[in-house]
Amino acid sequence: MIKSDALNFRPENSPFYVTFPLLDKIDFVKNAFTTRLGGVSKGMYSSMNMSFTNGDDKNDVMENYRIICSQLGVDINNVVLSHQTHTNNVRIITEDDFGKGIIKLRDYENVDGLISNVRGVTLVTQYADCTPLLFCDPVERVIATSHAGWRGTASQIGRITVEKMCSHFGCKAENIIAAIGPSICKSCYEVDLPVYEPISKIDYLDMDKIFTDKGNGKYMFDLWETNKQILINAGIRPENIDVTDLCTNCNPDIFHSHRYTGGKRGNLAAIISLI
């Protein structure tokens, strides 16, 4: 069984999702990052696939949502899905959005982040190596989740999410709890200049911690450290950030990984609910 020093496996006797210790301490929030275990999808999507748009049977995906929502004790009718296209667009979610992307059609596109302060809402973003970001302001009772692949990271979607929480809901960055979830690790993520150059333009980043130069225009890239530095620079306290120690590419039997499978895979979900 895979082990983690940073995250909690749930349920402990038959784990099929992980949670973040700092978020677990907040009694009005439910949080989860799914594994590929515990669902009903088949073949390359086996077994917990959370995407309706990658070719899987939609009835199986819906059953997967029923399973995870039941496990978390949240209402599937209040789930809201992102529409991810590697932007840094973050949408404010209201009660009118409940069910969009899962039981109702979305009336929005190109949304990689979701924020809400509506009690009962469940926000969901999806992954298969990109970096999940989860947020909660326990003072103002605001939650958020954002999808940070390399493009979202380069355009600082984490910072934008924090700034929008503050400007729209009156949050203070120093109160926000954040989590950086399972994604591809630095040892597995080789990139080239089209990735290196936009990241290197973020002038406050400690590049020595983020990139290892392999020569010939190739670098090993640390998404976890980059997003942590972005969140700290946005005003979140370092002690208020949980950082994963689980790599999706290193653990393909536990997580869906785009790089490991060459794109033949399902999707994982980052889930946060305001109860």
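Three strands form an open sheet in the order β11-β13-β12, and their pairing is antiparallel, where two strands count as paired if DSSP finds at least two bridges between them. Its edge strands are β11 (190–191) and β12 (211–215), each of which pairs on one side only. Strand β12 is joined to strand β13 (residues 218–221) by 4 bridges, and these two strands run antiparallel. Within this pairing, the bridge partner of Gly 215 is Lys 218 in β13.

This is a predicted model, in which local features need pLDDT of at least 70 and side-chain atom pairs count only at pLDDT 80 or more, while totals for chains, interfaces and linings use all residues. Residues are numbered from 1 along each chain as its sequence is written, and side-chain values use heavy atoms, with hydrogens and water left out.

The protein chain as a whole contains 8 helices and 15 strands; helices (H or I, at least four residues) and strands (E, at least two) are DSSP runs, numbered from the N terminus. Its C-alpha atoms fill a box of roughly 50 × 45 × 35 Å, taken along the principal axes. Of the 275 residues, 59% count as buried, where buried means under 20% relative accessible area, exposed means over 50%, and partly exposed lies in between (1.4 Å probe, protein chains only). Among contacts (heavy atoms within 4.5 Å) between residues at least 6 apart in sequence, 64% join residues at least 24 apart.

Two residues show how burial and surroundings can be described together. The table lists their values.

| Residue | Element | Relative accessible area | C-alpha separation |
|---|---|---|---|
| Ile 67 | helix α2 (residues 58–72) | 22%, partly exposed | 11 Å to Asn 49 |
| Leu 114 | strand β6 (residues 113–116) | 0%, buried | 5.5 Å to Val 90 |

Which residues does Ile 67 touch, not counting residues up to four places away in sequence? Ile 67 touches Phe 16, Gly 38, Gly 39, Val 40 and Met 48, whereas Asn 49, whose C-alpha atom is separated from that of Ile 67 by 11 Å, stands 18 residues apart from it along the chain.

Leu 114 is buried, and, leaving aside its neighbours within four places in sequence, Leu 114 is in contact with residues including Val 80, Leu 81, Ser 82, Val 90, Ile 93, Leu 123 and Ile 143. One of these contacts, Val 90, is 24 residues apart from Leu 114 along the chain, although their C-alpha atoms are separated by 5.5 Å.
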